[in-house]
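Thanks, everyone, for making the time this morning. I would like to walk through one model, and I will try to state each convention as I come to it.

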Amino acid sequence: MTRFLLPLAAFIVLVVFLAVGLGLKPREVPSPLIGKPAPIFQSQLLHEPGKMLASQDNLGKVWLLNVWASWCVSCREEHPLLVELARSGIVPIYGLNYKDKRDLALQWLNQYGDPYTVSVVDPEGRIGIDYGVYGVPETYVIDKNGVIRHKQIGPVTVESLEKKILPLIKELQG
Amino acid sequence: MIPELGNFALILALLLALTQGTLPIIGAARGIPSWIALARPVVQGQFVFLAIAFGCLAYSFVNNDFSVMNVARNSNSELPIQYRIAASWGSHEGSLLLWVFMLSAWSVAVSVFSRHLPDEMVARVLGVMGLVSVGFILFLLVTSNPFDRLLPAALEGSDLNPLLQDPGMVIHPPMLYMGYVGFSVAFAFAIAALISGQMDAAWARWSRPWTTIAWVFLTIGIMLGSWWAYYELGWGGWWFWDPVENASFLPWLVGTALVHSLAVTEKRGSFKSWTVLLAICAFSLSLLGTFLVRSGVLTSVHAFATDPTRGVFILAFLVIVIGSSLLLFAWRAPKVGLGGKFDLVSRESMLLANNLLLMVAAGSVLLGTLYPLIMDSLDLGKISVGPPYFEAVFVPLMTPAIFLMGLGPLARWKQASLPELMLRLRWAFGVSVVTALLMPFVMGEWKPLVSFGLLLAFWIIATIFVSIRQRLHNSGQGGLFTKLARQSRSYYSMHLAHLGIAVFIIGVTLVNGYETEKDVRMEIGSTVTMGGYTFRFNGASPVSGPNYQAMRGDIDVLRNGEKIRVMQPEKRTYNASGMAMTEPAIDTGLLRDLYVALGEPLEDGAWVVRVYHKPFVDWIWFGCLLMAFGGILAVTDRRYRLKVHSKHVETTTVVAEGKRVASNAGLAAGGKKA
């Protein structure tokens with residue numbers, strides 16, 4: 001009898017996770033980093049491996065850090081919005097190319113357009129760990145003092161852009 | 001008016017589903033013939049009302065009724081008519097309506113083709129399907145009504161997602177859903193067997209063709225989805241291990257195990273409780289797939305509008321359906337008994353091992369899909385799982401499974417001898433090793449992984465040859481063709497499906513090993529050469545489609561200096577949504593695909609162009625088609641047709657007086673024989 005109960009037991013465990021997962025709302029997890037200084041990083045540029053970008057260089061301006069990868073399917077969903085945002089010139093977008101291969105990443109940008117002021121590479125995901133990257137894509141709003149003010153988990157949508165990100169950027173730039 | 005009619009028909013369908021889910025089951029338990037007899041007409045009535053509901057929704061789409069929220073969100077007056085019809089199932093609400101509509105279609109099929117089954121059995125099976133239907137119609141009416149009005153009406157709709165505006169997408173969801181929903185029949189048979197405690201070879205024989213048909217639909221559905229991703233996403237990939245793809249792949253893996261397990265139960269009477277468990281699992285995973293896609297617990301490119309109340313509803317539904325089935329299983333299955341005994345080396349043990357491998361593979365795909373969620377729930381950190389995990393886990397699990405796939409059909413039931421098997425297969429093994437070692441040289445470069453992949457494929461092919469040769473050798477007198485004709489369809493169907501796996505592996509191996517791609521800046525008149533083909537870029541010019549504007553590239557393909565083809569990839573911008581889409585041009589061939597996609601425009605009419613040379617890529621989908629054909633062949637096997645035939649005989653005797661009718665039936669029976 002007991003061994004016939006095993007499938008049911010496994011299912012109950014699964015249901016508990018799914019129920020907790022429903023409450024989590026993956027796109028709205030508050031990041032413990034909000035209101036804290038953005039972790040400092042220094043890494044190679046995607047386009048020019050010889051050059052480095054340090055995050056402190058961005059002090060004094062409001063900027064977006066967008067975590068992306070060529071293997072990430074959802075990135076394709078948000079990408080046209082980022083390209084449009086970059087074209088509008090409201091805010092510079094910096095890319096963090098996460099656990100990716102350089103040639104694939106460059107091809108991807110050629111294919112879908114490059115909204116990034118620059119992209120830095122994070123092949124092993126070290127910077128991603130510092131930032132608590134949950135899944136790709138993610139987007140951080142970082143203010144003039146280098147403090148993380150907002151974190152968008154999952155693709156940027158028209159709604160999140162208009163209701164949350166753009167007003168916040170205006171306020172921070174003001 | 002029409003949407004309200006649709007809504008009303010949906011409510012009536014719910015009432016009929018409630019009747020269907022209660023009275024026949026109670027009737028079967030208490031032995032009330034009139035309640036049992038209710039099952040068939042109620043099923044057919046429910047089908048009629050769901051067809052009306054679906055027709056009303058399609059009508060609203062075709063006539064651009066933007067006062068219906070669903071239409072306003074997913075259609076546009078510029079959308080071509082075929083996509084307006086397809087948009088009926090392009091949205092969350094519409095696709096769920098399609099889901100229940102198909103469930104009712106399957107139920108009607110069961111009610112029609114089950115004349116030879118005991119009435120109580122049919123009543124229970126249809127009752128279980130009715131209960132599932134109740135859940136889904138309630139879900140539609142409570143949380144996602146496709147007929148909700150939008151007042152005041154929108155002037156124009158916001159258009160169907162351009163990714164879905166494609167012929168492949170028109171038929172992909174219905175096929176996939178036919179597969180998902182089809183497993184509900186096997187599930188209903190399993191539950192009915194658990195309720196009645198009657199679980200024998202006859203039960204397996206009844207469930208088998210239904211399961212196989214569902215599996216065929218699912219196979220074709222997944223194939224179409226993969227093919228669509230290949231030519232529509234402009235990315236050249238054919239599988240992404242995306243949660244939604246995994247959601248369709250999980251029931252396929254378990255369904256494959258179920259098809260094989262049912263064969264053992266039918267032929268040998270073994271694996272009974274295991275088969276029942278698989279039937280429950282296959283359908284549960286179909287439901288779980290719906291939950292994952294619709295609830296928003298996982299983010300995916302496919303995720304439609306997500307809404308937590310929907311998530312809660314589906315989760316509750318999952319708990320009720322799967323929980324109660326597994327509880328029933330725990331309560332009744334121990335009484336089923338184990339069935340025929342078999343040795344450690346036998347066809348049964350090999351099938352069981354393969355079943356286990358398939359289940360472990362399904363388990364690891366499920367784990368990979370849910371891992372980010374589980375880690376997050378336990379507060380252990382935030383992790384994303386990508387294709388590298390799935391490839392690392394999946395390939396090693398499938399390797400022994402494919403090895404056993406070659407052995408199984410040659411092994412005897414009950415007890416086989418390993419040395420004898422090895423002796424019989426030594427040539428097959430030798431030939432496949434040598435071919436696998438040499439073949440990569442023909443392709444131009446020796447690569448260990450390619451050789452390994454080919455070994456698996458050639459092993460399957462070689463063992464099929466050995467099996468057929470020995471079978472013919474043992475089938476008495478006559479010439480080659482007489483002997484070939486003497487074998488049953490189900491025998492050929494097995495080998496055809498296995499051959500499909502081999503063809504699929506060849507495709508995957510060769511395209512992964514030898515595909516080349518170039519991402520080049522092309523000025524007007526410049527050329528790029530790849531795989532013996534030269535591509536000449538003649539510039540791009542604007543064209544306009546019905547609901548989009550596009551830049552269309554013009555590329556000549558030359559072979560040995562001769563122009564063999566013009567390829568015209570497009571970069572489209574859709575008017576209503578402003579979404580940009582890449583529409584690649586593909587030259588399909590038996591041995592390779594040429595694949596050209598436009599990237600970004602540069603100055604002076606130059607463009608970034610992606611060019612791929614993909615050897616044997618179409619073999620991937622051709623392999624899937626072979627598997628599906630194998631399944632179709634299996635359900636047309638003589639022993640299933642015999643039933644239809646004997647039914648005809650019955651009807652003939654009843655109406656024997658009427659000459660015309662009798663001769664018609666004779667014709668029909670003759671046709672069946674042919």
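**Helix packing and overall layout of chain B**

I will begin with a pair of helices in chain B, H8 and H9, whose crossing is left-handed, meaning that the near helix is turned anticlockwise from the far one by less than a right angle, clockwise being right-handed. Before going further, I should say that this is a predicted model, in which local features need pLDDT of at least 70 and side-chain atom pairs count only at pLDDT 80 or more, while totals for chains, interfaces and linings use all residues. Residues are numbered from 1 along each chain as its sequence is written, and chains are lettered from A and ligands numbered from 1 in the order in which they are written.

Helix H8 of chain B covers residues 167-196 and helix H9 of chain B covers residues 201-232, and they pack with axes 7 Å apart at an angle of about 155°. Here axes are lines fitted to C-alpha atoms, for helices over the stretch in contact, and angles run from 0 to 180 degrees between N-to-C directions. Helices are DSSP runs of H or I with at least four residues, strands are runs of E with at least two, and both are numbered from the N terminus. H8(B) and H9(B) are therefore roughly antiparallel, a term for angles over 145 degrees, with under 35 being roughly parallel, 65 to 115 roughly perpendicular and the rest oblique.

The second pair in chain B is H18, residues 489-514, and H19, residues 618-635, whose axes come within 7 Å and cross at roughly 170°. That angle makes H18(B) roughly antiparallel to H19(B).

Stepping back, chain B as a whole has 21 helices and 10 strands, and its C-alpha atoms fill a box of roughly 80 × 75 × 70 Å along the principal axes. Its radius of gyration is 27 Å, which agrees with the value near 26 Å for a compact globule of 674 residues; the radius is taken over C-alpha atoms, and the globule rule is 2.2 Å times the number of residues to the power 0.38. Of those 674 residues in chain B, 50% are buried, where buried requires 20 or more other C-beta atoms within 10 Å of the residue's own, exposed 12 or fewer, and partly exposed a count in between, with C-beta atoms placed from the backbone.

Finally, in chain A, A:Ile34 sits in the loop between helix H1 (2-24) and strand E1 (42-44), and A:Ile34 counts as partly exposed because it has 13 C-beta neighbours inside 10 Å.
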